[in-house]
Structure formats: C-alpha cells, structure tokens
Amino acid sequence: MGDLTNSGYYAKNQGNDVSSNHEGGFGVSVMELRDLMELRGSEAVVKIQEDYGDMDGLCQRLKTSPTEGLTGDDLDKRKEVYGENLIPPKKPKTFLQLVWEALQDVTLIILEVAALISLGLSFYQPPGGDNGESCGTAAAGAEDEGEAEAGWIEGAAILLSVVCVVLVTAFNDWSKEKQFRGLQSRIEQEQKFQVVRGAQVIQLPVADIVVGDIAQIKYGDLLPADGVLIQGNDLKIDESSLTGESDHVKKDADKDPMLLSGTHVMEGSGRMLVTAVGVNSQTGIIFTLLGAGEPVEEEKKEKKVKKQDGAAAMEMQPLKSAEGGEIEEKEKKKANVSKKEKSVLQGKLTKLAVQIGKAGLVMSAITVIILVLYFAVDNFVLQKRPWLTECTPIYVQYFVKFFIIGVTVLVVAVPEGLPLAVTISLAYSVKKMMKDNNLVRHLDACETMGNATAICSDKTGTLTTNRMTAVACYVGDVHYKEIPDPGALTAKSLDILVNAISLNSAYTTKILPATKEGGLPMQVGNKTECGLLGLVLDLKRDYQPIRNQIPEEKLYKVYTFNSTRKSMSTVIKLSDGSFRMYSKGASEIVLKKCTKILNQEGEPRVFRPRDKDEMVKKVIEPMACDGLRTICVAYRDFPADPEPLWDNENDILNELTAVCVVGIEDPVRPEVPDAIIRCQRAGITVRMVTGDNINTARAIAIKCGIIHPGEDFLCIDGKEFNRRIRNEKGEVEQERMDKVWPKLRVLARSSPTDKHTLVKGIIDSCLTDQRQVVAVTGDGTNDGPALKKADVGFAMGIAGTDVAKEASDIILTDDNFSSIVKAVMWGRNVYDSISKFLQFQLTVNVVAVIVAFTGACITQDSPLKAVQMLWVNLIMDTFASLALATEPPTEALLKRKPYGRNKPLISSTMTKNILGHGIYQLVIIFSLLFVGEQIFDIDSGRHAPLHSPPSEHYTIIFNTFVLMQLFNEINARKIHGERNVFDGIFRNPIFCSIVFGTFAIQIVIVQFGGKPFSCTPLDLEKWGWCTFLGLGELVWGQVIATIPNSKLRFLRGAGQLTKKNEMPGDEDMNEDNEEIDHAERELRRGQVLWFRGLNRIQTQIDVVNTFKSGSSYQGQLRRQSSTTSQNQDVTNVSSPSHVSLSNALSPTSPTSTASPAGQC
C-alpha cells in the first residue's frame, strides 16, 4: 500500500502547483523542494535567502521548529503530500517465471523432447494388421501381452517426473528469494536514525522519517534523506556515491548546506532539516530513472560510478529497500570481483560439476551408440532383415527408447543437486546464524568463514564490553588510584574539569537512569565520553545544567574527533569576548601539546619536557599496564582581539594547559577468553588491532588470552609497524611484511590505513602453502577499506557506523567476539554438509551410470528405467541435499585446522567411502541382474521386448538399489571416518523425516506404481531381502572404516580431480587455466612420445646400417649422437608447446644418409 501511494503521489505532485499544496497546509511544494535540492553551494544559499528569507523561513513553511522538531501530529499528512521514505521495491519474480527458468535446463529439455517423441510414436499402429512379425524382434511380444496400448505411459511418466523436478527447483528458488527479501527487510528495520521530535531526541526507523523532520547527523552516518544543514560542526561528507568525487566535501550552513541521501558523514556532526524523502530524494530520483530496473541503464550507471572512483564509490544505497538491496548486491559483486573472485567452495563445485557432467555426457553418448549399433547389427546384419517402411515407426520407437536411456544416464550423472545443496545449506545456515547474532549480508561469506585462518579484531566493544568507567585520575599533581572525593580537589580545578568534559563532548552523549531497579545507568552515544561524563557524576556534579547554559548552537567552533587528530576540541566565547578552548584526547598525544599543567591550587605551572617524560613513566604507563585507556583533558585561553585564525589548526591546538589525566576501564567480555582458546584450537590466529596505547592493548591481550607470557610474539604500535614494513621510499614491501605478520599479535595506536595494509599484507603473502583467509572486525567509518579488503568483514551492529555495515559481509548484532566463533562453526558446517552430500551423490552417480551403461550394453535395456532413474535423481538430489545440508554444527568442527583454499573437495577418506560403497552396490546389483531370477525363482526380466509389462526381477533390482541409497545416506552423515554414523541423528528432524518419507514413497511406488514406474508389487519376503541388502550398507560402512587410508596410496590424489600430481611444479597454477594447461601437457607428452618413437626408429636404422658396413666403432658413435639428439628433442618439446617435425629429424637425418656414403 505504502509503495503505491508513494509512487502515486510522486506522479500527482509532479504536476501540482504550489497552491494545491497550500491546501495540504504547507508553504512549499514537492517540486519546489526537488528543484532546491538540485542546487549546490552558494547557489543553494542564495535560493533559500530569495525564496524563504533564511533557514527559519523554510522551517516555518514546513511547519517545523529548528530546535524542537516536529510535534508529530501531522505525520500522515506529510507522508501524503511529500511521500514516504522508501523506494518501491522491484517486483519479485513470480512462481511461474521461476518455473519457466527451471525449464531452461538443457537435460530437462532433451528429456521433454524424447518423452514427446515417445508419446507420439506410442499411438502409431503399423499398417497391415499382424505383419508385425516382419519387423523382427522389434515388435515381438508387444501385442501378445495386450499391453501395447500402455506404451504411452512411459512418455507420460517421464513428462510427469520432469514437471516434479521443475516444480521442486522453482519452489526452492522462490523460497530462497523470499528469504532474501526477509533478510533485506530485517536489515531495513535494523537501520535507525536520530531525529528531534517534540524537543526529544529519538531513534526512528529510516522509513518513518518525513519531510520537516530535524535529523541529528554525526560521524559515520549514511544519510537517509535529502536535507539542508541548519547547524554543523566541522562537517565533511563523502559524496562519491552520487558524484564520483572521492574528496570529502566540507559542509557549512552559510556556504554549502545541501546534504544528499546516500552520502556518508566522514567527520563532524550537525543537524539538518529533511526536505526530500523516498522517490523525491536525489538517490530516489536515480533509482526511479533506473526504473524498477531497466537493467541495461542500471549497469551503465553503475559502471560509470565505479569508473569515476573505484575505491570510494561506495554503494548508492541510502534506503535499504529491497530493490536497493538487489542493486547493492550487484554492485557489491562487481566491486568484489577482485577481492573474492568466486567463493572457494563454489569454484571447486563448479569445476567438479563440469568434470562429472563431461564424463556423464561421454557415457550417455557411448550407451546410445552401443544400443543403436547392437540393434542394427542384430536385426539387419545377423538376421538379414530388410528395412520395411511400415516398420519405420517401430524402429524409431526403439531408437527413441535408446535415446531416452542415454539421456537418463546423463540426468543421473549430472549432479544438478550440487548448486541446490549449496543453496539450501547456506540458506539454512544464514537463518540459524541470525539466532547466533550473525546477520549475513552475503551468502558466500558464511562459507568463507569456515576457511578463516586469521581474525583481526578490534578491541573496544568486540573483546571488551564497551562500557567505559573512569576508575583512576591524575589531578593537581596527585595520582588518585580511585576517583577522589570532590572535596579533595580545589574548586578552580574542579570547575575547569567539569566544564571541559560537559561542553567538549557530543551533546548526544548522555547517561540516563537505569531502566531496571538496581541496574547500571544507561550509556547513550560515544562510550569513552560516557566514561568521562560518569566521572563528572562521580564528582557529585551534573553536566546537563552546563549544557543548557551553553546549547550546541552557541558553541563557537568544534574540531571533531578523527583518526588523524586523535583528539576533540571545542571553542566557546566567554562573557568578556575572549575565547576558551577545551581539548581531550589520547594522553600521550595531548600532553605533547601541553606547555603548562594545573598544580594543587588549580594554578597553571610550567610543564617541561622532562616533566612529561616523568608523567608518562609514573602515571600513564602504570595505568596502561592495568589495561586502562588514558585520556588527557586540557584547555587554552585566547584573547578577543585579534581573533585567532581558527582554520590554522596546528597553531590553535598547541600551548595547552593540562587539567587532568583520566584512566578509563573497559572490562574484557567474560566469554571472550574462552572463545579465543576455541579459535586457537581450531587453527585460527587472533590478532588485536586497536587505536589504544600499546601498554593498554598488551594488558587486554593478556587478559583475553591472545598472547601468553613467554611466547615468541610481536606487540608493536603503528609507527614501528610502518618502519618495519616500508622501504626508504615509504612503499610497503611484501618481503618486509612477511617478516612481521606471522608473529604479530597486537598492533596498537594503529590508523585505519595500518589495518588495511596489514590485512592486504596477510592476504597477499605467499609464506604459507595455503593462502591466508582473513576475517576483520570493524565499527568505524574508516574501517571500511579493511572490511572490504578482508575475505570476510564483520561490522558491529550496535556500535558500528552505517558505512562500516555497508562495507561488511556479516553484521554482529551483539558486537560480541564469541559470535564470530559461531560464524566459523557454521562456515565449517556448510563445507562439511556439502562434502557429505557429495560423498552420497557421487556413490549414486557412479553406481547408476555403470549399471545403466553395462546393463544397456549387455541386455540392450537399462535395468533402471527412465522414470525410476528420475525418482532416484529426485531422492539423491533434492531430498538428500535437504537432509544432509541441514545437519546442525557440533563443537567437534572447531577441533580441526581450517581446510584452506587448495584442499581437494573430496578427501581420501571420502574417496575410499565412495569407491567402497560403489563396489558393494555394483556387486549386489549385478548379482541380482544376472542370477537374481535363480536366487528368487522368478522369470528373468532380461531381453524383454518393447512395451512388455514390468517384471518382478527388475522391480527387485530397482527396490534394492533405492534402499541401498537410503541406508548409505545415513553412512554419508560422517566424512572423517567416524564409526558411529547415528551420532546426533535425532537432533536433525529434517533428516529423519526425509529418510522415513522416502522409504514410505518407495513402498507406494513399488506396490502401486505399476506400468508408469515399471514396477510390479513384491511380497513380504522379497521386501525383506531388499531391506536386508540395503542394511548391508551400514555393516559394509564399518568394514570400510576399518581400512586405514595409508594402505590405499592411490587415494591420495584422487580427490584432486585434476591431475595436478603428474606435474609437481603445477601447484599454484591459475585455477581457471588448469584444464587447458592439462590438455596442453597431454599434447606435449604425446609429442615427446612421438619424437622418441621416431628417434628409436632412427637409431635402429643406424644400427642396421652399421651392421651392414661392419664398422662397429662408427656405429657406436652414431648411436651416441642419435641419443643426444633424442634428448635434445625431449628438452625442445618440454619448453615450447609445439616443435616442428623437421627439428626432430634434422640432427639424425644427415647422419643416416651420410653413413652409407661414408662407407662406400
């Protein structure tokens, strides 16, 4: 409904004039506001002054107050006139569209065509009544049984099963799409924004923001709507997502007040009046132009934005609408091509599926050719029958039957269940990870996490609770180990300290009373500032009256905190016209700028460099070694005349007077040490990357268990880190980086660039056999590049800025490190689930293909019919992927090392299981096929004519085959050679219900399937035997588990699936070129053998000639020359890819022709 009204109003309001909106009661129309928002810089300021007088005039027209915001009683009317803050989502694909897409599958199309031909031909009766005899074996037995009219059933059954497969695939796609929409709306709801309503600052979901709202913007925000700046402090915006310009744009209420949705606040804070939302905002207009998606234009636009600025063009994604989400996904994918080529698992699976598919294609082609040849030779050569025109349809029917058998072999061979299994496994994991506080934004991140070998984690909020409390301070030359009594401080020092903290912190930072009785007070806003405000309250003073006295608009100048300054300063104008600046920041940085310090009386005294050194040693280092973060508070007075040049930052932020150094404690989260031990046991190295002091960082790292005293590790700060990894020119060298990162555990006082450099250095390193897979956590705007560069970026859901969330793959909704460990568990579980499914599927593939192939070659008919094969395909693809892909993770997953990128998908244990079970199943099936009729004393089903009724013999084979697969599915639950395959089976209800459900359907198919399924009902005894043979799978599984892998040497490379082991130097070859290279190698080996053969012949000619001439000595010489030439050829061949034949012959040819001449 909202979407319709929104687009409707947009259409309506385009034609509206101002007066019609005056009826809405507002003094400005949608179009006027849209025109206003298209202006930039001074033009916009002039336009506001001409049309509205000033910002207050515009606020009055929009019936809002710049300080108190909206009253909130006309919100619906505002939505009606100016639209809602959401962009109508792109329509999802309908179920029918998805069905149509599923029908595009090539193998299914081939089957449909074959089934239709089979159907058509089954209704054709050859003319001439009973002259069927003359058509030879082709027609024999069909009419006798009176079953000819049932010939259509097979074609119809195949079509029916194709319909089943299509519906199942379409349903899966549909539910996947639905889940994504759900995920998208969850992300939408997560995004809230601070607005002022009724003089109260409240957090609103982005979609509820309306025109006329006063929004509070701060560092790290992604602007949710267009607006005009009312008041700003040091505000800098990254507009690259709209303009492509990577430089940050400075915004000022007097010079350039226009703020656009989808842009990022990189520095500073302020308040803006919302003037356009949803489809009327600048980003909305662009989305509307992309028009719920003219895809071509959309791509062009994206490419343009990307070209203009690759690194900084973050997603044009202010309102997380579902359509936006899709565009964002595409942009992400495009942006990430270099970063995450294809997820590791998908790459391996695609390659595997292609290889299996090729093998299946060859097998099915051979099957068809053999069947056709056998039939033709048997009928037209051996029995010398002529080809009669009236018999043609019958022959064609046979050929169609052979073709169907071939296609069926292909259908069974092609593992189309693989992508399905991956999708189901990932979708299931993503859903469950939500409960474990992991909001996954990109599906493949979940699986990549299972391969993670390194985690670079922030300290504050991730490893610690992010509840800051001031516990120690140094004031008036006294170091207090606990917060002092207010009486212990002089009134002057206390006043300056309280004013400095109250005014020089974001006004949005507050401490609110506890919500529950006996609970801790609630900290809102920046947590470090909350710790300092807590100190004010502990000193029995209140910060609010001071803020009321000097409201935010009256602050003269604010230098907001950023990663380069590492401090924040606020200038206020005193009553006598002079200025006072309060500063606070990292203690060693602020103290460097101090030339005075307040003494015990609260009077400034000189603060010499040696006093600074002493203070660092006696105050700051001991605090830091206790794991405290140290903040220095200082101030400076300026005369009224001449007024200082405020933009000359270096001069202003200097010659300060130190007031106090505060030690703030941020306790380690209680569950973190245990989570880190689990990571280390799982083979994952945890590194702490923090902006804090090195001593604080080291103390926290010891408490967390990241470092243990006595170990060989590195704890360094950003300066030392850069000194070690950069050469004289200041460039990062990978060799130098490789000396640092393996031992590095703590990187302190690091800038966002250091974080990015470290992540890039670890990822690009070739020190280890496996490429390192790095996960990174970040919360700040400046963590964006590192989050993007990492294989998996984790953003903090609570403390994280919108920019960080935008750049991340997974959002930690509870900001907790132990949730990352859960993500590792789920990632590894995905990998194992796929391996389980593969182990099961490949066994079925191998057996079904071999049975169909050999059966067809020996008995001219596949023991497993097309429809039966499709049912087996359904069991092993759709059902098995559901059953095996939904296994819940266990702690055991964290007890092994990461698999790494190059590990083959199929381990030697899995290969052993696949081959072992394959052998068991083939032995059983071939025994039943060739001697089954004698064992059970029934008629043989072999050599049955076309359209003959189903035989008990073949029904037993089909039934036993399916039951063996069912019991093997239980075996497939374990892939590391565990003995107890039933372990935890009841924790997975989906698995149990699928196994029992399949069994029940199998009973129905056999007993009542009749002609369509080529089945005949079996009695209890035969069912007993079939089940017994199926159960044998479990016993056989135990036998296989007993055979040690070391005994089976040939299994080592089996899982590689590319013959890497033949060429040892080939390990790190580019994956994509591997198959081509392999083919080339084969070619070269062929050439080498060919040349060797030629050389041998050459040598033999030489020998013969030598014997003829009797000169053994010369012959000897010639033979040697020929051998050297042979070696030359071989070396020649191994370097270039083709060597001309004359090269190979040239060295020896003259010798051989010369030899007789020489002897004459």
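**Note on the predicted model**

1. D477, R605, R608 and D611 are linked in a network of salt bridges. The model is predicted. Within this network, the side chains of D611 and R605 meet at 3.9 Å, N to O. D611 is buried, with a relative accessible area of 13%. R605 is partly exposed, at 29%.

2. How many salt bridges does the structure hold? The count is 37. One of them joins the side chains of E553 and R271, at 3.5 Å from N to O. E553 sits in the loop between helix 20 and strand 14, while R271 belongs to strand 7 (residues 264-276), so the pair ties together parts that are 282 residues apart in sequence. E553 is partly exposed, with a relative accessible area of 42%. R271 is buried, at 6%.

3. Look next at R541 and D495. These residues form a salt bridge whose closest N and O atoms are 2.7 Å apart. R541 lies in the loop between helix 19 (527-538) and helix 20, and D495 lies in helix 18 (residues 491-503), so parts 46 residues apart in sequence are tied together. R541 is partly exposed, with a relative accessible area of 30%. D495 also counts as partly exposed, at 35%.

4. The loop of E553 deserves a second look. L555 is found there too, between helix 20 (544-549) and strand 14 (557-559). Is L555 buried or exposed? L555 counts as buried because its relative accessibility is 10%, and the cut-off for buried is under 20%. Leaving aside neighbours within four places in sequence, L555 is in contact with Y507, I550, T570, V571 and I572. K573 is 18 residues from L555 along the chain, and their C-alpha atoms are separated by 7.7 Å.

5. Now the aromatic residues. The structure holds 19 aromatic pairs. In one of them, the ring centres of F375 and Y398 are 4.9 Å apart and the planes lie at 20°, so the pair is stacked. This pair links distant parts of the chain: F375 is in helix 14 (residues 344-382) and Y398 in helix 15 (residues 392-413), 23 residues apart. Both rings belong to buried residues: F375 has 7% relative accessibility, and Y398 has 8%. F375 and Y398 form one aromatic cluster with F380, Y395, F399 and F402.

6. A further aromatic pair is Y556 with F579. Their ring centres are 4.8 Å apart, and the planes are at 50°, so the pair is tilted. Y556 is in the loop between helix 20 and strand 14, and F579 is in strand 16 (residues 579-586), 23 residues away. Y556 counts as partly exposed, at 35% relative accessibility. F579 counts as buried, at 1%.

7. Two arginines sit over rings. The charged end of R896 is over the ring of Y899, 3.9 Å from its centre. The charged end of R973 is over the ring of F991, 5.5 Å from its centre.

8. Why is strand 21 (residues 685-689) described as largely enclosed by the rest of the structure? Four of its five residues are buried, so the description follows. Strand 21 pairs with strand 9 (residues 454-457) in the parallel sense, over four bridges. In that pairing, M688 of strand 21 stands opposite S457. Strand 21 also runs parallel to strand 23 (residues 744-748), with two bridges joining them. There, V689 has L747 as its bridge partner.

Technical notes: Residues numbered from 1 in each chain as written. Predicted model: local features only at pLDDT ≥ 70, side-chain atom pairs only at ≥ 80, totals over all residues. Heavy atoms only, no water. Buried < 20%, exposed > 50% of the residue type's maximum accessible area, 1.4 Å probe, protein only. Contact = heavy atoms within 4.5 Å. Pairing = 2+ DSSP bridges. Salt bridge = Lys/Arg side-chain N within 4 Å of Asp/Glu carboxyl O. Phe/Tyr/Trp six-rings, centres within 6.5 Å; stacked < 30°, edge-to-face > 60°. Lys NZ or Arg CZ within 6 Å of the ring centre and 35° of its normal.
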